[in-house]
Every structure is written in structure tokens, then in C-alpha cells.
Amino acid sequence: MAERRPPQISSRKQPRQARSSDLVAAILEAAAQVLKHEGAPRFTTARVAERAGVSIGSLYQYFPNKAAILFRLQQDEWQQTADMVRGILQETRQPPLQRLRQLVHAFIRSECDEAQTRGALSDAAPLYRDAPEAQQARSAADAAMAAFMVETLPVATPATRQLATDLIETMLSAVGREFSNTPRSAREIRTCADAVADMFCGYLIQLGAPAISPAKRRKAQSA
């Protein structure tokens, strides 16, 4: 029996003019809305084209099927997360643990804000996580975290820093996913993020990281 080929998930072509870029942006925004409000089972190229106000032929110029649209949405989400991680952890004007607190707050808030879309993407595109684009985004975030750990734990062994990185990344992802399954108020998000940040910071302090002063900690918690 011939092996079934996976659907094409790359875009047909990249927009080169402002008008084309606007069209692709409109398609992706419409796709996100369809996914958010109707879910993965009812996600079709026809629904996306209708919501975007474009013909199905125009949509197919850039996306050969719904898998390609979903993959692009997922790719954009990976890149946004990687950019957020790098942007916060590389802000060296702030003490390391204050940056970590800011990252925890930003990540959990982002997970809650985009819970419906991310949940639908996860259901619709489980195989995309192994795509080269996913590896590239993870590599960028991992590099930022590795540099952060060297700065935060300069005398720790590489194995200790790697273990700390793995634990923080795994637990933050798990908490964000589980916590965002239920709609949360801004106060609940802050409370959860503070608790997770306290746990991470306490762990790194035990490994030799410099503690945040009480004043700076209060400032980070109120941000």
C-alpha cells in the first residue's frame, strides 16, 4: 500500500508588494477569528475566505489548503513567543531574577489572552511541532535562556544550568497551558504568575543566583 503523503503546509508564494502583504494579513486575521470562534473541526478555507472578504482563488494563491493556513498561524505564534522570551531575558539593565519574573507574568498573561486560539491550533496541528520552523523558534528561545542562565548562575556547572533551564521551561509551559484552560481575571493571572515566579526565583537563589531586593521585587510584581 502506498504511503499517504502529508498535506502541503508551506505557503505557495510569499507576498512581495504591500497590497499582497495586506491580503495575506487579512487572510491570517480571518483564519484566527474562524479558529477562535468556530474551532478546528469547522475550520475551512471557504469560511476563512468569506470572513476575509476575498475570493477562494485569491486565498489559494498563497495557501494551498487549510493545513498551510494553520501552519502559518502556528509558525507566527512560535515566533511571537520566541521574540517575547528573547526581548525580556536580554534586557540586561534589569537584574536577572527580575527579568525572570517579568517573563513569567508575560507568558502566563499571553497564554490566557490567546487560550482559545492556541488550544484550537494545538488540536488542529499536533504534527507541526516537529517542523523546521518550530525547531528554529525553539532554538532562538533556548539560546536566550542559555545565555540568561550563564549570567544568572555563573559558577554553576553546565549540567546544573541545563537542568534549571529544562525545569523552568517545562513547568512554565505546563502551568500556562493548564491555568489558561479556564477564563481568568487579571487578578487571578497576577496571583498565579507571582506564585510561579516565586518558586522559580527561590530555586535559582538556592543554586547561587543573586536575590532581588524587596523594593525591586514589589516593583516587578506590580508591573
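The paragraphs below go through this predicted model from its overall fold and confidence to its cores, salt bridges and cysteines.

The secondary structure consists of ten helices and zero strands, so that the pattern read along the sequence is α-α-α-α-α-α-α-α-α-α. Of the 223 residues, 39% count as buried. When contacts between residues at least 6 apart in sequence are taken, 72% of them join residues at least 24 apart.

Confidence varies along the chain. The average pLDDT is 84, and 81% of the residues score at least 70. Helix H9 has the highest confidence, at 96, while helix H10 (residues 214-222) has the lowest, at a mean of 54. Over residues 1-7 the pLDDT stays under 50, and the model has two contacts beyond four places in sequence for this stretch. Where pLDDT is low, the predicted coordinates should not be read in detail.

In soluble globular proteins, nonpolar side chains tend to be buried together. Here the largest nonpolar core has 34 residues, and the members that touch the most others are Leu100, Val104, Ile108, Met149 and Leu204. At least two residues of this core come from each of helix H4 (66-89), helix H5 (96-113), helix H7 (132-152), helix H8 (158-179) and helix H9 (186-206). Apart from this core lies another, of 21 residues, which includes Phe43, Leu59, Tyr62 and Ile69.

Leu204 shows how the parts of the larger core come together. Leaving out residues up to four places away in sequence, Leu204 touches Leu97, Leu100, Met149, Thr152, Leu153, Ala164, Ile168 and Ala209. One of these partners, Leu97, is found in helix H5. At 1% relative accessibility, Leu97 counts as buried. Beyond its neighbours within four places in sequence, Leu97 is in contact with Thr152, Cys201, Leu204, Ile205, Ala209, Pro210, Ala211 and Ile212. For Leu97 and Ala209, a separation of 112 residues in sequence goes with a C-alpha to C-alpha distance of 7.9 Å.

Leu204 is also one of the buried residues of H9, the others being Ile189, Cys192, Ala193, Asp194, Val196, Ala197, Phe200 and Cys201. The length of H9 can be checked against its residue count: at 1.5 Å a residue, its 21 residues should span 30 Å, and its end C-alpha atoms are 30 Å apart, which agrees. After H9 comes Gly208, with a positive phi near 115 degrees.

Side chains of opposite charge can pair when their charged atoms come close. The whole structure holds eight salt bridges. One of them joins H9 to another helix: Arg101 pairs with Asp198, with closest N and O atoms 2.8 Å apart. Arg101 is in helix H5 and Asp198 in helix H9, 97 residues apart, and the pair thus links distant parts of the chain. The two ends differ in exposure, since Arg101 counts as buried at 2% relative accessibility, whereas Asp198 is partly exposed at 30%.

Other salt bridges involve partners at shorter sequence separation. Arg72 and Asp76 meet through their side chains at 3.2 Å, N to O. Because these two residues are four apart in helix H4, about one helical turn separates them. An α-helix has 3.6 residues a turn, so residues three or four places apart point the same way. Asp76 is partly exposed, its relative accessible area being 26%. In another pair, the closest N and O atoms of Glu91 and Arg93 are 2.7 Å apart. Glu91 is partly exposed, with a relative accessible area of 26%, and Arg93 counts as exposed at 73%. Glu38, Arg42 and Arg47 form one network, joined by salt bridges that share partners.

A disulfide is a covalent bond between the sulfur atoms of two cysteines. The count in this model is zero. Why is Cys192 not bonded to Cys112? The two sulfurs are 7.4 Å apart, too far for a bond, because a disulfide requires a pair of sulfur atoms within 2.5 Å. For Cys112, the sulfur of Cys192 is the nearest cysteine sulfur. Both residues are nevertheless buried, with relative accessible areas of 18% for Cys112 and 14% for Cys192.

Methods:
Residues are numbered from 1 along each chain as its sequence is written. This is a predicted model: local features need pLDDT of at least 70, side-chain atom pairs count only at pLDDT 80 or more; totals for chains, interfaces and linings use all residues. Side-chain values use heavy atoms; hydrogens and water are left out. A nonpolar core is a set of buried Ala, Val, Leu, Ile, Met, Phe, Trp, Tyr and Cys residues joined through side-chain atoms within 4.5 Å. Buried means under 20% relative accessible area, exposed over 50%, partly exposed in between (1.4 Å probe, protein chains only). Contact means heavy atoms within 4.5 Å. A salt bridge is a side-chain nitrogen of Lys or Arg within 4 Å of a carboxyl oxygen of Asp or Glu. pLDDT is the predictor's confidence in each residue, from 0 to 100. The expected span of a helix is 1.5 Å times one less than its number of residues.
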